[in-house]
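Subject: Structure handover

Hi there,

Here is the structure I promised to pass on to you. Please have a look at it in your viewer, and then read on for what came out of the analysis.

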Amino acid sequence: MGEKNDYKSTMNLPSTEFPMRANLSQREPEWLRFWDELDLYQRSLEVNEGGETFVLHDGPPYANGHIHMGTAYNKVLKDLIVKYKTMRGYVAPYVPGWDCHGQPIEHQVEKNLGPEKMAAMDQAKLRELCRKYALEFVDVQREEFKRLGVRGDWEDPYLTLAHEYEAGNVEIFKKMYLDGAIHKGAKPIHWCIRCHTALAEAEIEYGDETSNSIYVAFGVTDETPWDADGPVSVVIWTTTPWTLPANVAVTLADDADYVGVKSADGRVMVMAEALVESVAAAAGWETIDMVGPRVRGRDLSGLHYAHPIHGGVQGVIITGDHVDLSTGTGAVHTAPGHGDEDYQIGIKYQLPMPMPVLDDGSFDAGGGPFEGQNVWDANPKVVEWLQAKGTLLAASDITHSYPHCWRCKQPVIFRATEQWFVSMEKTKLRDHSMRAIREVEWVPGWSVNRISAMVEDRPDWCISRQRAWGVPIPVFTCTKCGETVATAATFDSVIALFSSEGADAWFIKRPDEYLPPDTTCSRCGAGVSDLKAEDDIVDVWWESGVSHTSVLEARPELYRPAELYLEGSDQHRGWFQSSLLTSVGAYDVAPFKRVLTHGFIVDGEGRKMSKSLGNVISPLDVIEKSGADIIRLWVAASDYSQDVSVSDEILERTGEAYRRIRNTFRFLLSNLADYDPSCVVEWNHMPELDRFALVQLADLAERVTASYEDWKFHQVFHAVHGYCVTELSSFYLDVLKDRLYADAPDSSGRRSAQTVLSQVLLTIVRLIAPVLSFTTEEVWQYMPAALRSDVVSVHLAGWPDVEVPAEDAAKLREAYGAVLVVRDAVTKALENARNSGEIGKSQEARLLLGVPDGMRLALEERGEAALSEMFIVSSVVVSPEPVAEVTVTVERACGEKCPRCWNWRELGSDGLCARCSEVVGSL
């Protein structure tokens, strides 16, 4: 065996069929079929039967359109948690759900039909088309979520259009109505004139709009302190000229000082003294001529003025705490039908609440000269009309943040209409909800401030919608006297109707077909045949919010309160809040023990995903190109406590990190082909380096487990990736190659190394399995069967527990802390020597080390042979002379290069080093 190539057959070269190239987009569907055949979801519940249960309750996405990066991120994050909890021994059911009702679906069906067909469509047929559309996209999204590797009860998800779910809405409505929390009333709410419906705060998006900014003089008709100086007007400022027809009052600040300013035409303009200069600037007054006394707002209360639009009509001056002295005039145009603060002050002063705007945004006769005009079209015409009347002091345009409809993206109006509300005060729902918030764990911790502020400041919840596709408000109106009829008996009848036939029956059947025959109107005594079913449907947020009853309470494998709700941060005003309010309203307890919130998905520059920006990335495209595990790794690597960036560059970096982890798995598998547990080497018989490697592994497992428990999944990724790259590939595995490849196959040194590698493989494949679900399954199936112990899937393999003797581990951490510092210095010195041509491979080097006294003992205790192995050099000499910091001198090694192992040693008569000579001789 003279030539070095002849020794190849004597080496223990790596061997595995585990592919180097992942080819995830082709291989992942095979694992999906494998899991289906295995019925993995059911098996994942059975494997921990009798154990503690962990319920993550799925917030339902809309059954509308394909999934996007936001929904993909959300579902993978949930899946990661459920799989982790399963591997920790919990029974962790996951029931996915879909929000199947509401305006997004109805809007899309309307769009598909076109205006002519839509106009001819009756409600029952429209609901049928909406149901068909929703169920189609449930099927589409179900397959897309499954392709991401998300495990759950996909064959029996919850759907808000299911009969039993619809009945759950009525159960909660019944409880809260009979307790007095739900009432009907007229108050201003967000109204979309495009969609013809009321909107809740959660259905509002804010964006910039350009509006008219006008200053208008309202002529005062009563005596004032300024009458001696000329005709007196109070000056108001508004950005909504179209609301002037509904004006009934002007509100002043009670304690503010008001003064008169004489205009060029001799009129006296009354305004807050603090705002005189800004009004003069807006009106273009070159000089300010103050006249008359300074008067407190409260002393002007009760005066009347001529209505700015309607001749012969008067308004009244009042005072209120909401008047702001930082902008405007200090005199607020007040129309109780067009704003919440106006409404509240109107209640206080018992003001009238005219509403001249119809559902479609056009004025009725109450709009005076603007009757029949759309409010937006009327805006400039109101300005022109005021100009012609001589009451307009100034007009300009301003750009400001303004509420828009979440679906049609059009600006909305405030409009008082008869609606159904959940009162935040009548049953102390606000107080009880604030208490419940404090009893819940919020992740991240700061998110409690967001939900608290929203609940503390929110108005009554408008829960009625003027749409077709949804669950109806389950009450009746007496056609004889207009009284609302809603009793425990009528609610129970509706619950039974919805449970058996669904909410569609409400729109088809007469009330006397399902209500008790003795149902009567409490006011006039009219019978059941005189009752009319309510036309409005409930807010879609109410619908999804009652899932704590329709799903958690209804399904035997679930319960409330759930351990975890998990959605994007926008759900503090959406699903988190509607779930909280309905649960506290019905049961006086939150529906969740813990709420985890993640940020929005943005591009690499922090911009929102937008077709117009061309920065939209589809998860389906990523899956087709790179595989679902790349998306899953991106999810785990991202810090969800802030907005999450995604771009082609970020996904490419994620792919590189994936390849490093995969290559680590491949190295481990390729060096365990001839290993089984019978070859194990016990702790006390292992080389010290192997023991230290197990300590590092135990530390990793502890660190990763703590990160999962703390919901810090990006730390899981960084810990596992860093371990594979730094602690394994760059150190331990690099050092082991000589022992693995060149020692005798059954030598205790090689078997010890394989014992450690088997533990490393069994540990990290399970630590990262919740994240890289497909790849870890592939690794598991390529492992030697004996290592798998008849466990058919990595996802059923439980959680790793690496035990090392605590006292030994502490000593090894301390000693190897010094060794690794020296190794870093050695690595740099060897690299410099290679670059300068002094050596080729590190095995050609001999090292002379100078070390500080604090490190000397650690190196001497390891011994020069062990240090040579760890530094992958021919020999190491530690100088006895103390130095301030580590020094490394690189010299050429003595001896010759062994043709088998390539180490520089003294060679024997057979031309091999002593170790290789013994191994080859034994073969």
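Below are notes on the cores, one helix, one sheet and the cavities.

Before you start, please keep in mind that this is a predicted model.

**Cores.** The largest nonpolar core holds 164 residues. Within this core, Trp-634, Tyr-732 and Phe-871 have the most contacts. Its biggest contributor is helix α21 (residues 713-742), which supplies 16 residues. If you would like a place to zoom in, try Phe-871: leaving aside neighbours within four places in sequence, Phe-871 is in contact with Val-819, Val-822, Arg-823, Val-826, Leu-830, Leu-847, Leu-849 and Val-876. There is also a second, separate core of 78 residues, and among its members are Tyr-62, Met-424, Val-551 and Ala-590.

**Helix α12.** This helix covers residues 447-457, and its buried residues are Ser-447, Ile-451, Ser-452 and Val-455. Looking down the axis of α12, you will find these buried residues within an arc of 130 degrees, so they line one face of the helix. Asn-449 and Asp-457, on the other side of α12, are exposed. What do the buried residues of α12 pack against? Their partners are two helices, α11 (429-438) and α16 (575-587), together with the strands β17 (441-443) and β25 (594-598).

**A four-stranded sheet.** The open sheet I looked at has four strands in the order β5-β4-β16-β18, and their pairing is antiparallel. At its edges stand β5 (197-199) and β18 (461-462); each has a single partner strand, so one side of each is left without a neighbour in the sheet. Further in, strand β4 (residues 182-192) and strand β16 (residues 413-422) run antiparallel and are joined by ten bridges. To pick out one bridge on screen, start from Ile-189 and look for Arg-415, its bridge partner in β16.

**Cavities.** How many cavities of 30 Å³ or more does a search of the whole structure find? The search gives three. The largest cavity contains about 90 Å³ of space. Its lining is made up of 15 residues, and those nearest the centre are Gly-102, Gln-103, Arg-465, Ile-537 and Val-540. The elements that give two or more residues to this lining are α4 (103-113), β23 (537-538) and α14 (540-545).

Happy to talk any of this through once you have had a look.

Best wishes

How values were computed. Residues are numbered from 1 along each chain as its sequence is written. This is a predicted model: local features need pLDDT of at least 70, side-chain atom pairs count only at pLDDT 80 or more; totals for chains, interfaces and linings use all residues. Side-chain values use heavy atoms; hydrogens and water are left out. A nonpolar core is a set of buried Ala, Val, Leu, Ile, Met, Phe, Trp, Tyr and Cys residues joined through side-chain atoms within 4.5 Å. Buried means under 20% relative accessible area, exposed over 50%, partly exposed in between (1.4 Å probe, protein chains only). Contact means heavy atoms within 4.5 Å. The arc is that of the directions from the helix axis to the C-beta atoms. Two strands pair if DSSP finds at least two bridges between them. On a 1 Å grid over the protein atoms alone, a cavity is a set of points where a 1.4 Å probe fits but cannot get out, and a pocket is an open set with protein on both sides within 12 Å along at least five of seven lines; lining residues have an atom within 4 Å of a point. Grid points are joined across faces, edges and corners, and a volume is the space filled by probe spheres set on the points.
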